[in-house]
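Colleague: Please take a close look at one part for me, the largest pocket. I would also like to know how that part fits into the rest of the chain.

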Amino acid sequence: MSSPTMPAPDAKQFGYILKRAQQSLRARMDLQLRAHELTTPQYAVLSAVAASPGVSNADLAKAAFITPQTMQSIIATLEKRGLLERSPDPDHGRRLLTQLTANGRRAKNAADDAVSGVEAMMVGSISSRDVEHTTETLLACIENLAEK
């Protein structure tokens, strides 16, 4: 299958297909998360904070695939909406610890179902064996591209 913006021979390159899959996933997640009044990066932040309360802004930015400057804006928005709260770290004077509020936990849990539905849609016609193999392949790609 060729893309209208890409010549046919390049349209089958692994990296190009991977990027198209990522963009399709992001678009579908954005669509489903809109019903929860969240963006995909906001959901990623809520998920990262839920998994690791007190996580640093730099680590949150990495988890959400955004810049630290954009992370500041997202955190401020989520804090203003009452989904996150920050408090000073007693061990580090300038660092703020980020936690989910009860409303943040509810919003994240509700959005989890939407995101799980998108993932189920994405792999719905693929065997579990092929999903596992593809996951292993993508993890190998990540490792191959990691700076050593």
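Modeller: A helix here is a DSSP run of H or I with at least four residues, a strand is a run of E with at least two, and both are numbered from the N terminus. Keep in mind that the model is predicted.

Start with the chain as a whole. Seven helices and two strands make up its regular elements. Read from the N terminus, five helices come before the two strands, and two further helices follow them, in the order α-α-α-α-α-β-β-α-α. The C-alpha trace spans about 55 × 40 × 30 Å along its principal axes. The chain has 148 residues, and 28% of them count as buried. Its accessible surface is about 10100 Å², with 56% of that belonging to carbon and sulfur atoms. If we take contacts between residues at least 6 apart in sequence, 45% of them join residues at least 24 apart. As for charge, the chain carries 17 positive and 16 negative charges, and the mean positions of the two sets are 6 Å apart.

Now the pocket. The largest pocket holds about 1500 Å³ of space. Its lining is made of 33 residues, and those nearest the centre are Leu18, Gln22, Leu25, Met122 and Leu138. Five helices each give two or more residues to this lining: H2 (14-34), H3 (40-51), H4 (57-64), H6 (102-123) and H7 (128-145). The largest share, twelve residues, is supplied by H2.

Leucine 25 is a good residue to follow from here. It is one of the residues nearest the pocket centre, and it sits in helix H2. Leaving aside residues up to four places away in sequence, Leu25 touches Val118 and Met122. Met122 is also among the residues nearest the centre. The relative accessibility of Leu25 is 27%, which falls between the limits of 20% and 50%, so Leu25 counts as partly exposed. For a sense of distance, take proline 68: it is 43 residues from Leu25 in sequence, and the two C-alpha atoms are 23 Å apart.

Next, go along the chain from H2 to H3. The loop between these two helices contains glutamate 37. Glu37 has a positive phi of about 55°, although it is not a glycine. Its relative accessibility is 60%, over the 50% limit, and therefore Glu37 counts as exposed. Threonine 40, in helix H3, gives the opposite reading. Its relative accessible area is 12%, under the 20% limit, so Thr40 is buried. Apart from residues up to four places away in sequence, Thr40 touches Arg26, Met29, Asp30 and Leu33.

Last, look at the far end of H4. Phenylalanine 65 lies in the loop between H4 and helix H5 (68-80). Its phi is positive too, near 60°, in a residue other than glycine. With a relative accessible area of 77%, over the 50% limit, Phe65 counts as exposed.

To put the part back in its place: the pocket lining draws two or more residues from each of H2, H3, H4, H6 and H7, with H2 giving the largest share.

Key:
Residues numbered from 1 in each chain as written. Predicted model: local features only at pLDDT ≥ 70, side-chain atom pairs only at ≥ 80, totals over all residues. Heavy atoms only, no water. Buried < 20%, exposed > 50% of the residue type's maximum accessible area, 1.4 Å probe, protein only. Contact = heavy atoms within 4.5 Å. Areas by Shrake-Rupley, 256 points an atom, 1.4 Å probe, with all protein chains shown as cover. Lys, Arg positive; Asp, Glu negative; His and termini not counted. Charge placed at Lys NZ, Arg CZ, Asp CG, Glu CD. 1 Å grid on protein atoms, 1.4 Å probe; cavity = no way out; pocket = protein on both sides within 12 Å on 5 of 7 lines; lining within 4 Å. Points joined across faces, edges and corners; volume = space filled by probe spheres on them.
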